[in-house]
Each structure stands twice: as C-alpha cells, then as structure tokens.
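Work through the exercises below with the model open. Try each task before reading its solution.

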Amino acid sequence: MRTVVPLVRDRGSTTRINVSFDPGLLEAIDAAARERGQTRSAFLASAARREIVD
C-alpha cells in the first residue's frame with residue numbers, strides 16, 4: 001500500500017494577503033480562533049494545512 005502525503009514547506013516567514021469572507025463565517029472563524037488561543041491568521045493557516053494533507 002502506498003500513501004501520498006503533500007509536502008508543505010515552512011519557509012519561516014509570512015506573506016500578507018487579502019481575502020474575503022461572509023461576515024457570519026468570519027465571526028465563526030474568530031470565535032474558534034479565540035477558543036483555541038490563536039490569532040485569525042494562525043487558525044486559518046492551521047485549517048488550510050489540515051485540508052491540504054487530508
């Protein structure tokens with residue numbers, strides 16, 4: 001059995017981007033980030049990494 005695991009390189013720096021979300025989704029993201037003691041950016045990066053690997 002073989003498994004393919006995507007490689008996501010951590011380059012040790014960040015890049016500012018501009019994204020748009022529905023206000024209700026943004027509120028949910030902010031609430032979830034607060035519950036986890038994360039910033040919005042850290043929460044979104046973590047969620048993106050999980051989605052890419054799954």
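Helix axes here are lines fitted to C-alpha atoms over the stretch in contact, and angles run from 0 to 180 degrees between N-to-C directions. The model is predicted.

**Exercise 1. Helix packing**

Task: Determine how the axes of α1 and α2 cross, and which residues make the contact.

Solution:
- Step 1. Locate the helices. α1 covers residues 23–35 and α2 covers residues 40–53.
- Step 2. Take the axes. They come within 9 Å and cross at roughly 95°.
- Step 3. Classify the angle. The range 65 to 115 degrees counts as roughly perpendicular. α1 and α2 are therefore roughly perpendicular to each other.
- Step 4. List the contact. α1 supplies Leu26, Ile29, Asp30, Ala32 and Ala33. α2 supplies Arg40, Phe43 and Leu44.
- Step 5. Sort by class. The contact of α1 with α2 has 6 nonpolar and 2 charged residues, and no polar ones.

**Exercise 2. Overall form**

Task: Decide whether the protein is a compact globule or more spread out.

Solution:
- Step 1. Count elements. The protein has 2 helices and 0 strands.
- Step 2. Compare radii. The radius of gyration is 14 Å, well over the 10 Å that the globule rule gives for 54 residues, so the protein is more spread out than a compact globule.
- Step 3. Add the box. The C-alpha atoms fill roughly 40 × 25 × 20 Å along the principal axes.
- Step 4. Check burial. Of the 54 residues, 9% count as buried.
- Step 5. Turn to the surface. About 5200 Å² is accessible, and 51% of that belongs to carbon and sulfur atoms.

**Exercise 3. One residue**

Task: Place Ala47 and classify its exposure.

Solution:
- Step 1. Ala47 sits in helix α2.
- Step 2. Its relative accessibility is 23%, so Ala47 counts as partly exposed.
- Step 3. Ala47 and Ala32 lie 15 residues apart in sequence and 11 Å apart in space, C-alpha to C-alpha.

Technical notes: Residues are numbered from 1 along each chain as its sequence is written. This is a predicted model: local features need pLDDT of at least 70, side-chain atom pairs count only at pLDDT 80 or more; totals for chains, interfaces and linings use all residues. Side-chain values use heavy atoms; hydrogens and water are left out. Helices (H or I, at least four residues) and strands (E, at least two) are DSSP runs, numbered from the N terminus. Angles under 35 degrees count as roughly parallel, over 145 as roughly antiparallel, 65 to 115 as roughly perpendicular and the rest as oblique. Contact means heavy atoms within 4.5 Å. Ala, Val, Leu, Ile, Met, Phe, Trp, Tyr, Cys and Pro count as nonpolar, Asp, Glu, Lys and Arg as charged, and the others, Gly among them, as polar. The radius of gyration is taken over C-alpha atoms; the globule rule is 2.2 Å times the number of residues to the power 0.38. Buried means under 20% relative accessible area, exposed over 50%, partly exposed in between (1.4 Å probe, protein chains only). Accessible areas come from the Shrake-Rupley method with a 1.4 Å probe; for residues, only the protein chains shown count as cover.
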